[in-house]
Amino acid sequence: MIEKKKDGSTVLSVKDLRVSFNIENQTVEALKGISFDIYRKEIVALVGESGSGKSVTCYSILKLLPVYASVSGQITLWHPEKIENLLSLPEQSIRKIRGRHISMIFQEPSAVLDPLMRVGDQIVETVMAHRKVSYSEAKKIAMEAMEKARIPEVERRFYQYPHELSGGLKQRVVIASGIVNNPIILLADEPTTALDVTVSAQILKLFKSLRDNTDVSILLITHDLGVVAEIADRVLVIYRGEIVEEGDVFSIFDSPEHPYTKKLLSSRPVLKDVI
Ligand SMILES: Nc1ncnc2c1ncn2[C@@H]1O[C@H](COP(=O)(O)OP(=O)(O)OP(=O)(O)O)[C@@H](O)[C@H]1O
């Protein structure tokens, strides 16, 4: 069953995306022609077991795949105007889109943050990489993003180094950096996996508030159906490089159609226990 959100406009459209890796005369088909759309102001969960192709989907959208990957298909972005195919853009053009119109949040914030740089300045850098503004203007914009990411005591936190912050606060800094240029899409690859349950719940709440209070759409990669039940509007189920099921969160949980989705759900508590 294909369900689509009818009230929103499309911001990203992936058509027949195929990715394979050729290593030492062996070919791994990571994505076998997946297609999906993301609409404005929605949270879409891309869910599937390890190795199903979730991260490769994200890296394809950002054009961050290794050179030995073979890629075909179409990825169209509508912002600020229609950009025909991200996959065929030269590196110089895609750099203007990464961190500006599409941002990514990874599982482990410490791997992204520079340990030797104050966190506020790392967000300032993201602003100045894409906009012609003075340092003080960029700092103001960075602090506003930190507020939006619900970082307490922004004036003090701005000047701290990553090691001075908890895991949850570090992830909020990464999120602040991700939203600081008002992107159209945020790709979040297992953003709560490295965090404890309480902090993880706070970060999920933050995603919901970003969806409700900004124009951003979020593609959330996860293997955790509890996270999906908590915040997703729509779900894409990926299995061995193919999207096998797509629907709103209730239809997926209440009446899964594909055997893999059924199996995935049977290994979880039922929906009423999760939400
Ligand atoms: N850089 C790479 N070189 C070769 N093969 C790769 C590379 N990246 C991914 N793959 C392969 O592509 C397939 C999809 O991997 P991907 O990382 O997208 O899975 P995933 O669903 O994100 O899994 P996980 O939840 O474990 O992160 C796997 O078979 C993986 O081994």
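**Two helix pairs and two domains**

In this predicted model, the axes of helix α7 (residues 167–179) and helix α8 come within 10 Å of each other and cross at roughly 20 degrees. Here helices (H or I, at least four residues) and strands (E, at least two) are DSSP runs, numbered from the N terminus. Axes are lines fitted to C-alpha atoms, for helices over the stretch in contact, with angles from 0 to 180 degrees between N-to-C directions. α7 and α8 are therefore roughly parallel to each other, given that angles under 35 degrees count as roughly parallel, over 145 as roughly antiparallel, 65 to 115 as roughly perpendicular and the rest as oblique. Their crossing is right-handed (the near helix is turned clockwise from the far one by less than a right angle; anticlockwise would be left-handed). On the α7 side, the contact is made by G167, G168, Q171, I175 and I179, and on the α8 side by V199, Q202, I203, L206 and L210; two residues are in contact if their C-beta atoms, placed from the backbone, lie within 7 Å. Six of these residues are nonpolar, four are polar and none is charged (Ala, Val, Leu, Ile, Met, Phe, Trp, Tyr, Cys and Pro count as nonpolar, Asp, Glu, Lys and Arg as charged, and the others, Gly among them, as polar).

Helix α8 also features in the meeting of the domains. The domain assignment, automatic or from a database, gives domain 1 (1–101 + 183–275) and domain 2 (110–182). Their centres, taken over C-alpha atoms, are separated by 25 Å, and 14 residues of domain 1 are in contact with 13 residues of domain 2. On the domain 1 side, α8 (residues 197–213) gives the most, with five residues. That side divides into ten nonpolar, three polar and one charged residues.

A second helix pair is formed by α4 (residues 119–130) and α5 (residues 135–148), whose axes come within 8 Å and cross at roughly 115 degrees. α4 and α5 are therefore roughly perpendicular to each other. Among the contact residues are I123 and V127 of α4 and A138 and I141 of α5. By class, this contact has ten nonpolar, one polar and one charged residues.

As for confidence, the chain has a mean pLDDT of 90, with 94% of its residues at 70 or more; pLDDT is the predictor's confidence in each residue, from 0 to 100. Residues are numbered from 1 along each chain as its sequence is written. In this predicted model, local features need pLDDT of at least 70 and side-chain atom pairs count only at pLDDT 80 or more, while totals for chains, interfaces and linings use all residues.
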